[in-house]
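Visitor: I'm new to this one and a bit lost. Please pick a single spot, take me through it slowly, and then show me what lies elsewhere.

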Amino acid sequence: MSFNPSLFSLTSNSGQSIRGERFSLAFALLMTAQVNSADTNAEATALKPIEKGAGAVRFLDVTSKQPFSHQYTGGWEHFVGGGVAAFDCNDDSAPDLYVAGGESIAKLLVNSGDKQIRFEHKPHSSTDLKAVTGAYPIDIDSDGITDLAVLRAGENVLLKGKGDCQFERANELWKYQASDRWTTAFSATWEPAKPSSTGPTMVFGNYVDRKDKEGPFGACDQHELYRMSGGVFNKPLMLAPGYCTLSILFSDWKRQGKADLRISNDRHYYLHDGHDQLWKMQEEPALYTEAEGWQSFKIWGMGIASRDITGNGLPDYLLTSMSDQKFQVLKKDSQNPEYTDEAFKRGMIAHRPYFGDEGRPSTAWHAQFGDVNNDGLDDLFIAKGNVDQMPGLAIKDPNNLLLQDTSGNFHEVGQVAGIADVERSRGAALEDFNGDGKLDLVVVNRRADFRIYQNVTEEIGQWVGIKLKQKGANTDAIGAWIEVKANEKVYHREVSIGGGHAGGSLLPQHFGLAETESVKVRIIWPDQTVGQWREYSAGEVWTVLK
Ligand SMILES: [Ca+2]
Ligand SMILES: [Ca+2]
Ligand SMILES: [Ca+2]
Ligand SMILES: [Ca+2]
């Protein structure tokens, strides 16, 4: 195993230092409206889209400037999926992409690194795979080069990164025994109970069992958990029952020093018996029960976004669905997985199109938090789109961009910000693709063009990027917590792999800072070692090493 020594110096990437005036958002007041919510009482209040002030947030659609086009295509097996992985495959700090194509080939898109965002398809037989539903970046063999877990309707593929955006199939090398399932979800962790382990614990979440002749309804497949020993994967342990998941996430929900596995499930196929699940990770994983505080709930679970929005140092979870989204916040001081749903209260419910004459509810997929105006408050992107032609749900279903205000409430700005695509969106990545400190956006669409939006917001705050690297196993410090002191508060950020809809990012963590010019940063590493507070200047990406 070789390691790139250049990773082990404290570096600041040459990100351009930008200065922004702090701007205050003049939010429109609430207007009363009727909302279809199973979880809220009849007296409902909907948030009016912002038209003033927040109009400062602007994205430019640069799709037509790209030397390629791409669509997520196919029949029933590709009604779901359509994820994108964002990571850096050639170590030039410009994030690259691997985009699912369904019946079309998946594409590795290499970033030019220019200020004007531009990706180029790098064709190769190892990456131009068909039947891909999604992908997640992960350094499986801890050699400092990011690998890919590629999810498919059919055999999943592990691609070993070779550097310079070259990949080779590694199922055989790592003895990864893939099955012929319909995989739609992925998450990975490094389990602390396995100190001698050099590899990740990976779970592939499977959707409907296509071989069940009684299916598809009530024919949800099981999930496969792989642990590594001696550099190769063991035979998978099956996690059952499965309830047709579309998103799973290893997350340390109560800061116990290890992650458990949250599974969001699609009630469309499990019909009666299913619900969302939380697996307690141990040698033989076990489901949290109602007696342990896990409250059973049923949604059309499509995606998970996690972030500490409430500021209590614990992760909160946004779960996408049809109609209402969920936003789960752990009950105060609870040691059990007991959550309160605050989606409605905080304006994150996003249950139907916010323009047009559609009265029908929305269908939501990938969701991701990120501070698009660098005012120190994380905002929320949600990809929307009809499954295919479901008549009970909106056909022209615009994607959401919800800006957070200082009270922790969210307000729709998708249309004025220029990201309100009404195509059938699925996966997405909200990341800084041109290194200017402004989060950009890419969106995968089913039977419509893959979209690339450059964040061109002019009035924008300061920012900092934090990237973690550690020696030995788990090079990207998955399971670490980053703490950033700025704006008289502490931001807590869990570093994880999983969630989203069929895709995720492995990139520096972006923090919006408003006017703050320098921050103090401390890392709680995956082994629970607590680092020192160190000062970093804003406007750059910093690598913190252990
Ligand atoms: Ca790159
Ligand atoms: Ca690797
Ligand atoms: Ca913000
Ligand atoms: Ca940018």
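Guide: Here is a close look at one spot, followed by a stroll through some other parts. What you see is a predicted model, in which local features need pLDDT of at least 70 and side-chain atom pairs count only at pLDDT 80 or more, while totals for chains, interfaces and linings use all residues. Residues are numbered from 1 along each chain as its sequence is written, and chains are lettered from A and ligands numbered from 1 in the order in which they are written.

Our spot is proline 337. Look for it in the loop that links strand 24 (326-330) to strand 25 (339-341). Strands here are DSSP runs of E with at least two residues, helices are runs of H or I with at least four, and both are numbered from the N terminus. Proline 337 counts as partly exposed because 19 other C-beta atoms lie within 10 Å of its own. On that scale, 20 or more makes a residue buried, 12 or fewer makes it exposed, and anything in between is partly exposed, with C-beta atoms placed from the backbone.

So who are the neighbours of proline 337? Setting aside residues up to four places away in sequence, proline 337 touches Trp253, Leu278, Tyr288, Gly293 and Trp294; touching means that the C-beta atoms, placed from the backbone, lie within 7 Å. Threonine 289 is 48 residues away along the sequence, yet its C-alpha is 9.5 Å from that of proline 337.

Two other prolines have something to show in their peptide bonds. The bond from glycine 215 to proline 216 is cis, with omega about 0°, and proline 216 sits in the loop between strand 13 (201-206) and strand 14 (223-226). Another cis bond runs from alanine 240 to proline 241, again with omega near 0°. Proline 241 lies in the loop between strand 17 (237-239) and strand 18 (245-251).

That loop between strand 17 and strand 18 also holds cysteine 244. Cysteine 244 is not a glycine, but has a positive phi of about 60°. Most residues other than glycine have a negative phi, and most peptide bonds are trans. Cysteine 244 counts as buried, because it has 30 C-beta neighbours inside 10 Å. Lysine 175 has a positive phi too, about 50°, and is not a glycine either. You'll find lysine 175 in the loop between strand 11 (166-169) and strand 12 (183-189). With 15 other C-beta atoms within 10 Å, lysine 175 is partly exposed.

Strand 11 takes us to an open sheet of 4 strands, ordered 8-9-10-11 and paired antiparallel; a pair needs at least two DSSP bridges. Strand 8 (132-138) and strand 11 each have a single partner, so one side of each has no neighbour in the sheet. Inside the sheet, 3 bridges join strand 9 (residues 147-152) to strand 10 (residues 157-163), and leucine 148 faces leucine 159 in strand 10.

Now step back. The protein has 2 helices and 40 strands, and 54% of its 546 residues count as buried. Its largest nonpolar core has 140 residues, and Val84, Ala135, Ala149 and Ala428 have the most contacts inside it. Such a core is a set of buried Ala, Val, Leu, Ile, Met, Phe, Trp, Tyr and Cys residues joined through C-beta atoms within 7 Å. Beyond four places in sequence, valine 84 has contacts including Leu97, Ala428 and Val442.

Terms used:
Two residues are in contact if their C-beta atoms, placed from the backbone, lie within 7 Å.
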